[in-house]
Amino acid sequence: GLSLPARSDAPQGKTNALLSAITRAGGRSQVPSTLVVITDFDGVLESDAFTKTLQVVRAHGHRIEFVLADGRQLDAPSNDANELAVRSLFARGEERRLRHAHRLLRRHGVMATIASPERI
């Protein structure tokens, strides 16, 4: 596994770090393998570099899969109306993030699995 430090330097920071890790993990190897990327995908942007990295990895015979963290249900029960409203807002943001990730990855023929409490 390759751990990535938090990147807040620029909007492309997280995308570039993720692509760099994918390249390090298999972009140069000619021995086919499966790369599993575990990420929240938050802030990852589609770019020419994103497309090229996935193409290179797949051209080398690698299979790439993404496991996306699902934060929609990671909370304790509550009866507080304000807390429930905030949780609902957060859940909608999480839903948008997961839809974005699935659309982007599907466009590139990459499989994505959602890791939720029920699936652990």
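"Which residues touch the most other members of the largest nonpolar core? Keep that in mind while I walk you through the fold. One caveat up front: this is a predicted model.

So, the answer. The core holds 20 residues, and the ones touching the most other members are Ile22, Phe41, Phe50, Ile64, Phe66 and Leu105. Two or more residues come from each of α1 (13–27), β1, α2, β2, α3 (81–107) and β3. The biggest giver is α3, with four residues.

Take Phe50 as an example. Skip its neighbours within four places in sequence, and Phe50 is still in contact with Leu19, Phe41, Val44, Leu45, Leu104, Leu105 and His108.

Okay, on to the sheet. It's open, it has three strands in the order β1-β2-β3, and the pairing is parallel. The edges are β1 and β3, each pairing on one side only. On average, neighbouring strands are turned by 20 degrees against each other, if you ignore direction.

Now pair by pair. Six bridges link β1, residues 34–39, with β2, residues 63–69. To get from β1 to β2, the chain goes through helix α2, residues 48–59, and that β-α-β crossover is right-handed. If you want to find the register on screen, Thr34 has Arg63 as its bridge partner, and Leu35 has Ile64. Ile64 is one of those core residues I listed at the start.

On the other side, β2 is joined to β3, residues 111–115, by five bridges. There, look for Val67 opposite Thr113.

Last piece: which strands does α3 touch as it packs on the sheet? Those are β2 and β3, and the helix direction makes about 175 degrees with that of β2. That's my tour, thanks."

How values were computed:
Residues numbered from 1 in each chain as written. Predicted model: local features only at pLDDT ≥ 70, side-chain atom pairs only at ≥ 80, totals over all residues. Heavy atoms only, no water. Pairing = 2+ DSSP bridges. Right-handed = clockwise from strand over helix to strand, strands pointing away. Core = buried A, V, L, I, M, F, W, Y, C linked by side-chain atoms within 4.5 Å. Buried < 20%, exposed > 50% of the residue type's maximum accessible area, 1.4 Å probe, protein only. Contact = heavy atoms within 4.5 Å. Axes fitted to C-alpha atoms, helices over the stretch in contact; angles between N-to-C directions.
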